[in-house]
Amino acid sequence: MRLRSTRLAALALSLLGSCTDPTANPALLVGSDGAVATLPDASSAGQPAEPPSYMPPAAPAITGAVCERGGDDLVRDLFCADSPLQIESLADLQHAMAIDPLRNEVDRNVVISGHTTALSARNVSAANPRVIFVQREHPGEGREMFAVAFVRGEQTVELVAHDRPSGELRFFLITYRQACNYAPAGCSPGDLLTLEAESGWREVTLLEEEDLKNSALDCRQCHQPDGPGTPKLLRMQERARPWTHWFDFTTDGGRALIADYIAMKGDEPLAGVTAARMQVAIAAPLVGLVSHESQEEQPNPFDSPRIETEVRASAPAQPFDNSIPGKSAAWRVAYEVAKRGAAIAVPYHDVKVTDPAKLAAATAAYRSYLAGEVTTDELADLRDIYPDDAMLQAEIGLTTEPGLDASGVLRQACLQCHNTRLDNAISRARFIADFSVLGREQRDRAIERLMLPPDDPRAMPPPHHRALTAEGRQRLIDALR
Ligand code: HEC
Ligand code: HEC
């Protein structure tokens, strides 16, 4: 997928408009009261295209809006100071936040994962891991809690910090553009997925959860899953040892992921984390942070010890060799909960989400790239690394399950964002993913959204989030007619 500069410019402009006039583009930016009355009819003629549902905007004025809204937290300290931060790379941000990527302490560390069901699900694997820098609160040493998550290819950095007066969690998103966004051909996979993605940042923009509440990037759908007024949480579904999907040199699965990563990337650093540092990665710092901040169990937790034991019993070469996918009854129970829309997607049952043949090909390709034999523009897309099998893709969380009836598709693909728990004051709440409550008008709107091409920002479900199988889409459209 190539990001076109024209579309990005249009999106940035439409969002800019909405900063001065909060009703101009209400679906993304509703006033902080979020009153429904301020929402024009989404279908009215002459409306600009609705806001980016999967692509984050970028524009300095948006940062200005966050600062004007006010608040007292670590992130505003950086972006809203009298002489605001000049950030042109991930290293600049790390420097400003006193993050040392090589630090290896109990309460200040980096954790790395080879699979996620968070925003960057479609990008993440051992070939393109997600890196999270965490810091625990330490008042004695003047340190505040934060977590900063980065994945190459997203052109975003996700952050969480405390609102100082209330102690509540506050979620932020930094977005940026690279030179390729302005080039006629757009960004190639190489521009997005190599070291190039970590510097040369432009139009660095700060948004916060309030700005994103009616977009597909809505942080609260997962970090405040019971809706407004309920506790916010940090997430880590695989919170019990062996922490399936997390790089950890003390577990078999962790070692398998680290080995796949090093085989491909050699000693290329990722977010400043060197290969040597990667080899002693552990998952515990995130476990510690999440437990410290959110005492409750995770909703629908992933029972790592049982699932890994069952997977190994069914496919003994796991986790190192995943040619034969594993089976786990404990995993199936959690998956069924998510499938009916009662929780966010469950991480995959196996440690590796990569297709072995695709991983081998991508490893060879990246090695040629590092050796200077292919250019950035010629590099194959490392994101095309998941198995082609539709059922496995559903189990990884990328698509809906093949063969589901229309009501099953509606639940698995839509309910996470369209349910009655979430903020009722935003336009998204007009569509509830439940056939028993859907009227004619909402059915028609849903059909219209389902028929849009995937690069249309109004397409549903937001393609970055979850794709429908062709048969699933048709079945849903037929049932909505
Ligand atoms: C990742 C979250 C997410 C998922 C999943 C999702 N949506 Fe949405 N949807 C949104 C957001 C955010 C909006 C509001 C912004 C917009 O209108 O594009 C929205 C708006 C809509 C609207 C317009 C509502 C109105 O009256 O203005 C319809 C219809 C819709 N979605 C249908 C669907 C269907 C059908 C699915 C599943 C096949 C789905 N959505 C899946 C986030 C999601
Ligand atoms: C679809 C669900 C989902 C959405 C939407 C989501 N997250 Fe998360 N987030 C997760 C999960 C799950 C994790 C745990 C780590 C992982 O699996 O990648 C996580 C982890 C994080 C972390 C690391 C600290 C922690 O909680 O473990 C940060 C920071 C974070 N998310 C920020 C954000 C921000 C900012 C947004 C909105 C722009 C956001 N997230 C939206 C699911 C989500």
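The exercises below, each with a worked solution, concern a predicted model.

**Exercise 1. The sheet**

Work out the strand order of the open sheet, and identify its edge strands.

Solution.
- Step 1. The open sheet has six strands, and their order is β1-β2-β3-β4-β5-β6.
- Step 2. The pairing in this sheet is antiparallel.
- Step 3. β1 (108-113) and β6 (202-208) each pair on one side only, which makes β1 and β6 the edge strands.
- Step 4. From one strand to the next, the twist averages 15°.
- Step 5. Within the sheet, β3 and β4 are joined in the antiparallel sense over five bridges. F146 stands opposite A161 in β4.

**Exercise 2. A helix on the strands**

Find which strands α10 lies across, and give its angle to β2.

Solution.
- Step 1. The strands that α10 lies across are β1, β2, β3 and β5.
- Step 2. Relative to β2, α10 runs at about 55°.

**Exercise 3. The surroundings of ligand 2**

State how many residues surround ligand 2, which are closest, and how the shell divides by class.

Solution.
- Step 1. Ligand 2 is surrounded by 29 residues, with T116, A118, C219, C222 and L234 the closest.
- Step 2. Elements giving two or more residues to this shell include the strands β2 (130-135), β3 (146-150), β4 (156-162) and β5 (169-177). The helices α7 (220-223) and α10 (284-293) also give two or more.
- Step 3. By class, the shell around ligand 2 has 19 nonpolar, six polar and four charged residues.

**Exercise 4. The surroundings of ligand 1**

Do the corresponding task for ligand 1, and name the element that gives the largest share of its shell.

Solution.
- Step 1. There are 26 residues around ligand 1, and C414, C417, R430, M460 and P461 come nearest.
- Step 2. Two elements, α15 (406-414) and α16 (440-450), give two or more residues to this shell.
- Step 3. The largest share, four residues, is from α16.
- Step 4. The shell around ligand 1 divides into 12 nonpolar, seven polar and seven charged residues.

**Exercise 5. A helix pair**

Decide whether α15 and α17 are roughly parallel or roughly perpendicular, and list the residues that meet.

Solution.
- Step 1. The axes of α15 and α17 (residues 470-480) come within 8 Å of each other and cross at roughly 110°.
- Step 2. Angles of 65 to 115 degrees count as roughly perpendicular, so α15 and α17 are roughly perpendicular.
- Step 3. The crossing of α15 past α17 is left-handed.
- Step 4. From α15, A406, V409 and L410 meet G472, R475, L476 and A479 of α17.
- Step 5. This contact of α15 with α17 has five nonpolar residues, one polar and one charged.

Definitions and conventions
Residues numbered from 1 in each chain as written. Chains lettered and ligands numbered in written order. Predicted model: local features only at pLDDT ≥ 70, side-chain atom pairs only at ≥ 80, totals over all residues. Near = placed C-beta within 6 Å. Nonpolar A, V, L, I, M, F, W, Y, C, P; charged D, E, K, R; others polar. Axes fitted to C-alpha atoms, helices over the stretch in contact; angles between N-to-C directions. Parallel < 35°, antiparallel > 145°, perpendicular 65-115°, else oblique. Left-handed = near helix turned anticlockwise from the far one by under 90°. Contact = placed C-beta atoms within 7 Å. Pairing = 2+ DSSP bridges.
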